[in-house]
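Trainee: I would like to learn how to read a model with two chains. Where do we start?

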Amino acid sequence: MMFIVKRLLLTIPILILVSIMTFSLIHMIPGDPARVILGQEATPEAYQALRTELGLDKPIVEQYFSWMGKVLSGDLGMSITDHVPVIDLISQRLPATIELTIGTFVFALVIALPAGILAAVRRNTWVDYTSSFAALGGMSIPNFWLAMMVIIYFTVENNWLPSSGYVPFSEDPKANLMAMILPCLATGLRESAVLMRMLRSSLLEVINMDFVRTAKAKGLNEVKTVLGHVLRNAMIPVVTTSGLMIAGLLGGLVITESIFSIPGFGRLIVESVFKRDYVTVQGAILVSALLVVVVNLLVDLLYAVIDPRIKAGKGA
Amino acid sequence: MKSVLKFFRTGLGLIGAIIILALVLTAALAPVIAPYDPNAQNYEKILQEPNAEHYFGTDDLGRDIFSRVVYGAQVSIKAAIISVGIAMLIGIPIGLFTGYYRGFWDEWVVMRVIDALQAFPFLILALAISAVLGSGFGNAMLAIGIGFAPAFVRITRGQVLTLRNMEYVHAAKSVGVKDMRIIFGHILPNAMGPIIIQSTLAMATGILAEASLSYLGLGVQPPTPSWGSMLNQAQTLMSVAPYATYYPGLAIFVVVLGFNLLGDGLQQFLDPKTRK
């Protein structure tokens with residue numbers, strides 16, 4: 001219990017600092033933010049109205065607390081270009097990103113788990129060398145290039161799968177899944193490489209420990225030893241990497257969504273950057289950071305489930 | 001010299017080093033290697049498939065893709081050096097001082113700011129900074145450098161926390177050596193191993209990040225050839241000229257692989273657990 005309380009308390013200063021950094025974003029714009037957003041041709045009335053809307057006519061500390069008060073009540077401001085609440089824009093875009101994140105993660109796991117286990121169990125054999133080199137290669141492939149390659153192969157040359165045309169799962173599950181295969185493949189391959197490397201090195205740390213030798217000496221076969229004893233003890237770094245991966249994907253599928261025309265959260269940020277809709281950029285960035293903080297918190301709490309020594313304050 | 005030879009014997013490091021050397025030579029000798037001006041448009045030769053005259057073909061403006069890929073190496077190498085350089089300039093001193101002096105500033109200010117900065121997904125942070133400062137190569141480098149800095153703070157600080165308790169540091173203190181001299185003369189040289197590994201791996205990510213920002217239109221601006229922006233332009237040609245997407249992406253892949261191999265090789269060489 002103390003572990004959970006302590007971890008929750010540690011999150012508070014991070015959240016405060018994240019809010020200050022996000023708030024500062026608009027104030028980092030060189031010159032007058034309202035002038036930059038509206039351009040030089042804006043009328044004095046429009047200029048003044050935007051300054052008032054953004055609260056730029058108040059002292060900076062007052063601006064922060066007023067903004068923070070609104071954020072806490074779920075108000076992230078009004079989009080400058082679309083004139084709708086930013087929170088609505090985000091909540092419209094998040095489901096596609098969440099679906100893409102889950103699909104990518106599942107795809108990464110399906111490849112990384114067997115490859116990582118095989119590489120560790122068959123250490124220094126061709127299986128290990130091949131999968132390790134493939135993983136290093138996978139980590140080096142730019143996502144957006146891989147996305148183009150899969151589009152050329154699966155869509156342009158063979159017409160097997162669509163490269164765009166996202167529809168929500170609730171409207172047409174089949175079309176939705178078909179549209180999600182290529183984006184998940186293009187993003188998941190790289191993520192599987194990262195996971196596989198982490199799993200392999202983590203398994204190698206555990207595989208030579210005394211309890212594993214004891215299990216083998218007692219006659220347990222290799223599969224049962226690895227799956228029943230080694231894997232669980234090697235999971236903490238893998239869970240950490242998975243957590244960071246999910247957090248990064250939730251806020252960072254910017255390019256995949258752009259290439260496959262998926263109306264997701266990442267694409268919203270890119271569109272807002274180009275439209276100079278700083279209020280939306282600010283709100284979206286705050287949400288992406290909050291997602292990372294929450295996922296990291298959940299991962300830390302998951303440690304306690306995987307390794308009870310942590311909950312008892314005896315573990316790492 | 002012996003240790004350099006030993007490092008190259010790891011194989012991985014050698015392959016990585018050869019790739020990076022090839023990148024540096026390509027960037028330096030681009031005017032000699034490239035058969036055409038990378039920005040010269042030739043409307044009589046648009047969208048030509050790879051042939052003896054244009055090894056990688058031409059794009060929709062008739063520009064020679066091979067020449068553009070060769071010149072693109074200059075952007076990538078600059079991106080790797082400048083972005084990681086900025087991150088090191090910010091991260092290493094902060095890591096050194098906070099790790100050495102510790103206390104309130106270390107625990108409650110610097111490390112919590114680092115935690116908060118790391119809460120922002122890397123590309124989103126780079127996008128946000130580029131959005132505020134404006135697009136362009138310089139701002140993209142600044143954005144990527146700021147994004148990388150927290151990792152350097154953590155690595156340096158972690159090293160200093162161990163090294164500050166070493167006997168040679170206590171000995172230096174006891175004979176009255178000044179803190180600055182201990183930090184920069186004794187601790188920093190001994191902390192460099194993991195920092196070098198981190199910088200090599202960060203260069204790989206830096207090249208990817210520059211390419212990503214340029215792909216999104218926030219990095220290098222046309223007509224300067226950058227592998228990321230070339231992919232952006234080639235994306236619209238995927239159905240008529242797929243070859244236009246092959247080579248810039250392949251170049252990014254090979255170079256990033258080179259830095260990753262070098263980083264892995266260094267890690268194996270410097271880590272006592274994996275060093276044979």
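Mentor: With one term. A salt bridge is a side-chain nitrogen of Lys or Arg within 4 Å of a carboxyl oxygen of Asp or Glu. Keep in mind that this model is predicted.

Trainee: Which side chains meet in a salt bridge here?

Mentor: Arg197(A) and Asp264(B) do, at 2.9 Å from N to O. That distance satisfies the 4 Å limit, so the pair qualifies. Between chain B and chain A the count is 1 salt bridge. Residue pairs in polar contact number 3 between these chains, with both partners at pLDDT 80 or more.

Trainee: Which helices of chain B supply the side that touches chain A?

Mentor: At least two residues each come from α5 (103–118), α6 (122–133), α9, α10 and α11 of chain B. The most come from α11(B), with 11 residues. By type, this side of chain B has 29 nonpolar, 8 polar and 4 charged residues.

Trainee: How many residues are in contact across the two chains?

Mentor: Contact here means heavy atoms within 4.5 Å. On that basis, 41 residues of chain B touch 46 residues of chain A.

Trainee: And how is buried area read?

Mentor: It is the accessible area that two parts lose on being put together, summed over both. Chain B and chain A bury about 3,800 Å² between them. Carbon and sulfur atoms hold 82% of it. Of the area that chain B buries against chain A, 16% is supplied by Phe120(B), Ile124(B) and Val132(B), more than any other three residues.

Trainee: Now the interior. How do I read a nonpolar core?

Mentor: Look for buried nonpolar residues joined through side-chain atoms within 4.5 Å. The largest such core in this model has 170 residues. Those with the most contacts inside it are Ile90(A), Phe260(A), Trp227(B), Ile252(B) and Phe259(B). The largest share, 17 residues, comes from α9(B). Another core lies apart from it, with 5 residues, including Ala34(B), Phe66(B), Val70(B) and Tyr71(B).

Trainee: What is Phe259(B) in contact with, leaving aside its neighbours within four places in sequence?

Mentor: Its contacts are Ile20(B), Leu23(B), Ala80(B), Thr200(B), Leu201(B), Met203(B), Ala204(B) and Ile207(B).

Trainee: Which residues of helix α10 of chain B are buried?

Mentor: In α10 (residues 227–235), they are Trp227(B), Gly228(B), Ser229(B), Met230(B), Leu231(B) and Ala234(B). Their cover includes α7 (143–157) of chain A. From chain B, it includes α2 (12–28), α4 (65–101), α9 (179–216) and α11 (243–270).

Trainee: What about the loop between α9 and α10 of chain B? Is Ser226(B) buried or exposed?

Mentor: Ser226(B) lies in that loop. Buried means under 20% relative accessible area. Ser226(B) has 0%, so it counts as buried. Its side chain joins that of Glu210(B) in a polar contact of 3.4 Å. Leaving aside neighbours within four places in sequence, Ser226(B) is in contact with Val75(B), Glu210(B), Ser214(B) and Val220(B). Pro223(B) lies in this loop too. A cis peptide bond joins Pro222(B) and Pro223(B), with omega about 10°.

Trainee: Which backbone angles deserve a look in chain A?

Mentor: Check for positive phi outside glycine. Asn124(A) has phi near 60°. Asn124(A) sits in the loop between α5 (86–121) and α6 (126–140) of chain A, and is partly exposed at 47% relative accessible area. Ser261(A) has phi near 50°. Ser261(A) is in the loop between α12 (254–259) and α13 (265–274) of chain A, and is partly exposed at 33%.

Key
Residues are numbered from 1 along each chain as its sequence is written. Chains are lettered from A and ligands numbered from 1 in the order in which they are written. This is a predicted model: local features need pLDDT of at least 70, side-chain atom pairs count only at pLDDT 80 or more; totals for chains, interfaces and linings use all residues. Side-chain values use heavy atoms; hydrogens and water are left out. Buried means under 20% relative accessible area, exposed over 50%, partly exposed in between (1.4 Å probe, protein chains only). Helices (H or I, at least four residues) and strands (E, at least two) are DSSP runs, numbered from the N terminus. Buried area is the accessible area (1.4 Å probe) that two parts lose on being put together, summed over both. A polar contact is a pair of N or O atoms within 3.5 Å; within protein, one must be able to donate a hydrogen and the other to accept it, and residues adjacent in sequence count only if both atoms are side-chain atoms. Ala, Val, Leu, Ile, Met, Phe, Trp, Tyr, Cys and Pro count as nonpolar, Asp, Glu, Lys and Arg as charged, and the others, Gly among them, as polar.
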